[in-house]
Amino acid sequence: MNVITNPLGALLPVIPVGKLVSKAPIVQDGGFLDAMKQALTTTSQLQSESGRLIREVTFDNPTVSLEETMLAGVKSNIAFQATLQSRNRIVQAYTDVMNMQV
């Protein structure tokens, strides 16, 4: 049995470059404050949507699937963890700056 493999084929992207999906909305002319506000708003929306879907599944709404609800919960958790880590790093940077000798 002869199998011909291309070892460099693993380095090629799975999705064609022209069809990439935007991972995060781009903040135009805003800066750090606007980016943080947008991230907090997105996290809040994901948590609200997750809560709504959990309520719908709890009340046996046939239009809402358990898979959709679980996926929304995971997305909400990831967004919250990213927000929490950002906050921790900002607080650490602030603390480092405040403890610098002048």
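Leaving aside neighbours within four places in sequence, Ser50 is in contact with Ala72, Gly73 and Ser76, and these contacts offer a way into this predicted model. Ser50 itself lies in helix α1, and with a relative accessible area of 7% it counts as buried, because the cut-off for that class is under 20%. Ala72 and Ser76, two of the residues that Ser50 touches, are in turn listed among the buried residues of helix α2.

The wider setting of these contacts is simple to describe, for the protein has two helices and zero strands. Helix α1 runs over residues 32-58 and has 27 residues, which at 1.5 Å a residue should span 39 Å; its end C-alpha atoms are 39 Å apart, so the expected and modelled values agree. Helix α2 covers residues 66-98, and for its 33 residues the expected span is 48 Å, which agrees with the 48 Å that separates its end C-alpha atoms. Just after α1, Asp60 takes a positive phi of about 60 degrees.

How do the two helices meet, and which residues of α1 are buried? The buried residues of α1 are Thr43, Ser50 and Leu53, and they pack against α2. On the other side, the buried residues of α2 are Thr69, Ala72, Ser76, Ala79 and Thr83, and these pack against α1. The description is therefore reciprocal, since the buried residues of α1 pack against α2 and those of α2 pack against α1.

Thr69 shows this packing from the side of α2, the helix in which it is found. With a relative accessible area of 6%, Thr69 is buried, because that value falls under the 20% cut-off. When residues up to four places away in sequence are not counted, Thr69 touches Leu53, Ile54, Val57 and Val64, and one of these, Leu53, is itself a buried residue of α1. Thr69 can also be placed relative to Gly51, from which it is 18 residues away in sequence and 8.8 Å away in space, C-alpha to C-alpha.

Where, then, does a search of the whole structure find its one salt bridge? The side chains of Arg52 and Glu49 meet in a salt bridge, with a distance of 2.7 Å from N to O. Both Arg52 and Glu49 lie in helix α1, three residues apart, which is about one turn of the helix. Arg52 has a relative accessible area of 33% and is partly exposed, because this value lies between the 20% and 50% cut-offs; Glu49, also at 33%, counts as partly exposed for the corresponding reason.

Taken over the whole chain, 9% of the 102 residues of the protein count as buried, and the accessible surface comes to about 9,100 Å², of which 63% belongs to carbon and sulfur atoms.

The confidence of the prediction should be kept in view while reading the model. The mean pLDDT of the protein is 81, and 72% of its residues reach 70 or more. Over residues 10-15, however, the pLDDT is below 50, and beyond near neighbours in sequence this stretch has one contact in the model. Over residues 17-22 the pLDDT is likewise below 50, and that stretch too has one contact beyond near neighbours in sequence. Where pLDDT is low, the predicted coordinates should not be read in detail.

Technical notes:
Residues numbered from 1 in each chain as written. Predicted model: local features only at pLDDT ≥ 70, side-chain atom pairs only at ≥ 80, totals over all residues. Heavy atoms only, no water. Helix = DSSP H or I, 4+ residues; strand = E, 2+ residues; numbered from the N terminus. Expected span 1.5 Å × (residues − 1). Buried < 20%, exposed > 50% of the residue type's maximum accessible area, 1.4 Å probe, protein only. Contact = heavy atoms within 4.5 Å. Salt bridge = Lys/Arg side-chain N within 4 Å of Asp/Glu carboxyl O. Areas by Shrake-Rupley, 256 points an atom, 1.4 Å probe, with all protein chains shown as cover. pLDDT = per-residue confidence, 0-100.
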